[in-house]
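Let's take a friendly look at how two chains of a model meet. Have the structure open while you read, and follow along.

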There are 6 protein chains.
Amino acid sequence: MKVTVSRKAHFNAAHRLFRPDWSDEKNAQVFGKCSNPNYHGHNYELIVSVTGEIDPETGFVIDMKDLKELIKTEVDEPFDHKNLNEEVPEFKNLNPTAENIAVVIFDKLRPHITSAHELSVTLYETPRNFVSYSG
Amino acid sequence: MKVTVSRKAHFNAAHRLFRPDWSDEKNAQVFGKCSNPNYHGHNYELIVSVTGEIDPETGFVIDMKDLKELIKTEVDEPFDHKNLNEEVPEFKNLNPTAENIAVVIFDKLRPHITSAHELSVTLYETPRNFVSYSG
Amino acid sequence: MKVTVSRKAHFNAAHRLFRPDWSDEKNAQVFGKCSNPNYHGHNYELIVSVTGEIDPETGFVIDMKDLKELIKTEVDEPFDHKNLNEEVPEFKNLNPTAENIAVVIFDKLRPHITSAHELSVTLYETPRNFVSYSG
Amino acid sequence: MKVTVSRKAHFNAAHRLFRPDWSDEKNAQVFGKCSNPNYHGHNYELIVSVTGEIDPETGFVIDMKDLKELIKTEVDEPFDHKNLNEEVPEFKNLNPTAENIAVVIFDKLRPHITSAHELSVTLYETPRNFVSYSG
Amino acid sequence: MKVTVSRKAHFNAAHRLFRPDWSDEKNAQVFGKCSNPNYHGHNYELIVSVTGEIDPETGFVIDMKDLKELIKTEVDEPFDHKNLNEEVPEFKNLNPTAENIAVVIFDKLRPHITSAHELSVTLYETPRNFVSYSG
Amino acid sequence: MKVTVSRKAHFNAAHRLFRPDWSDEKNAQVFGKCSNPNYHGHNYELIVSVTGEIDPETGFVIDMKDLKELIKTEVDEPFDHKNLNEEVPEFKNLNPTAENIAVVIFDKLRPHITSAHELSVTLYETPRNFVSYSG
């Protein structure tokens, strides 16, 4: 009797699509205006989903308050109002595409979720573009 | 050639997270402000999804009018503008967490959907918290 | 050069439409299922709007952080996860219709906003029903 | 390390639920007001999802700009501001239910997506009715 | 102490921008693809707003149930799943632009709202295009 | 018989709240994390509203296609995927608060709208924070 519990969160950040091992010209050619060296930014909306059995004691798969707190510590505080390329160490050598950001968030949350639970992350870069990753 | 057909509905209800076999103190300790003995409430948004083959006669997996009517009879009428703990018999001895409400709705709808079709229920307790259950 | 600055917030509460000076029968006749004696509830979404000149020093009409904090103190803490009829003193003798809740919220916020600024409150009882009050 | 990338698009079209091999009476009996011979219409919202490995070169599963362009060519241009029954050849002999429209869109997009990638299409006929198809 | 009460509704309809006193060529030149002779359509979302004093008896400006019923009778039933040009008499000789539809809806509702109340109508033709009219 | 016509648009940009005539310390003290020297960013959603008489010839207050094109030229192209502080000349010496951005957009659009029409601009910095300016 597996149920999936989801929590929405959000953070605002600057980024540029950029590989430091490529020239600015090559970055511009491949990534277009998304590679603007002066950065642009997004209101990222995040959905974190945890799947598991309902605990018959509480009626919860996971306590939403705990999930909210975990997202705050692992994602909001290190990412919100930050420049992802410059200030978030995971993107020092990793291009902060929506795909890669979703994987990084998954990898940050996974150790804090019991292995009996499945985890999935959906990240909206804009209301029109979004990605999902489940490990 | 399986297609999933989904219909959104909504109901407004009061509830509290509460186990009648626990003291009010223990309920408050585990469930926090969600266990307020005077109740709080939500605009629950419900998505019911039915998966199956397209009927070549009609082009439907299921007639949306029938699905809408089924949700009205099985969920809206017994749940809308109700106190889930006090007035909905399924929660007499079951804590009305979002998880448990989703399972109860699934179990009420399942007998009315042909066994050739899969059923899934997603319940938004708030725009930021939601759960899914597929049996 | 007046600009209006708006901030969204939300709280979840139980209520019933009810006049204590009427019988339950008369309440039921006038207010229908909204008068259920066992309560029902909503995810109230609130928009607080403040209109005034832009401060040339900061570029702000009002600091959003201050407005967010004010809503938290004056609305979220006293209203969230509460039973409006039973636990919010303003509704002891006032029917908690969306209209009256909006007026109460306006009256609670108004003294904390400088008189040079206009104030407006919009309250969504559901995504389909909402009210606005500007004093 | 599979990631799903999704892009939202939209088109406005007229249609009626209708089988040309049935009488208008039978169409009306089965499809109700959706079979109005003078047509009605919708703002269709479309989500196209592509699942695959992240290309370590770009950090993309698929370039969103390419996906946006593909949807424009294959869906927007032939469907937008059109009468689906009268002007879109795929529905000459196929009832334009949401289910069938989703399958047609999937079949139009599939040849343009590399076979290493999975494709899924979600089509909102209204904000309350939607369908998904994954082949 | 005036409060504005708003109710959302929706209807799905086909239309074309078209003046019967112009040639199809001139219609096409001025209105572009919106003048497609085979029609296109929309999910129209409607917000009806009524402004007035709160009735101290009920705490209502207007009973939402009455407003919902009025919209159903005056707008939903004559407009929903219809071809506005062909089947709604008000558009026999009036181009069904969003602007004109809003004025027609206002004129249909106004006689049913007490003259002590102000009326305003907002009509979304798409989530990106909308119009408002207050008489 | 004045009608308001509104069009939604969007652009993604980086910014920081910053006065170049203040030290970084004073900027940080007044603007907090919004003044991060490495920038952050937003998906700005813009609503441009034009109020005027309906042209009896066309049934339009203003042709939406023209309004869409104007927003593209005056706002999208100069603002989208840009760093507002570094690349948009209007903010060379003007703090890019939501309030100031709304005024700048209004001032850019106003000369292109006939003086017989009123103009209003609403700018969402996030889904929870927005500002409006009408000149």
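In this predicted model, 18 residues of chain F are in contact with 20 residues of chain C. Putting the two chains together buries an area of about 1,600 Å², and carbon and sulfur atoms give 55% of it.

What about charges and polar groups? Between chain F and chain C there are 0 salt bridges, but 9 residue pairs are in polar contact, counting pairs with both residues at pLDDT 80 or more.

Now find the parts of chain F that do the touching. The elements listed in this table each give two or more residues to the side of chain F that touches chain C.

| Element of chain F | Residues |
|---|---|
| α1(F) | 24–31 |
| α4(F) | 98–109 |
| β5(F) | 129–133 |

The largest share of that side, 5 residues, comes from β5(F). By type, the residues of the side of chain F that touches chain C divide into 9 nonpolar, 5 polar and 4 charged.

Strand β5(F) also has a partner in the other chain: strand β1 of chain C, residues 2–15, pairs with β5(F) in the antiparallel sense over 5 bridges. To spot one of these bridges, look for C:Val3, whose bridge partner in β5(F) is F:Tyr133.

Finally, how do the two chains relate in space? A rotation of 120° with 0.0 Å of shift along its axis superposes chain F on chain C, with an RMSD of 0.0 Å. That is the relation of a three-fold axis. In chain F, the C-alpha nearest the axis belongs to F:Pro127, 8.7 Å from it.

Technical notes
Residues numbered from 1 in each chain as written. Chains lettered and ligands numbered in written order. Predicted model: local features only at pLDDT ≥ 70, side-chain atom pairs only at ≥ 80, totals over all residues. Heavy atoms only, no water. Contact = heavy atoms within 4.5 Å. Buried area = accessible area lost by both parts, 1.4 Å probe. Salt bridge = Lys/Arg side-chain N within 4 Å of Asp/Glu carboxyl O. Polar contact = N/O pair within 3.5 Å; in protein donor to acceptor, adjacent residues only side chain to side chain. Helix = DSSP H or I, 4+ residues; strand = E, 2+ residues; numbered from the N terminus. Nonpolar A, V, L, I, M, F, W, Y, C, P; charged D, E, K, R; others polar. Pairing = 2+ DSSP bridges. Least-squares fit on C-alpha atoms with pLDDT ≥ 70 in both.
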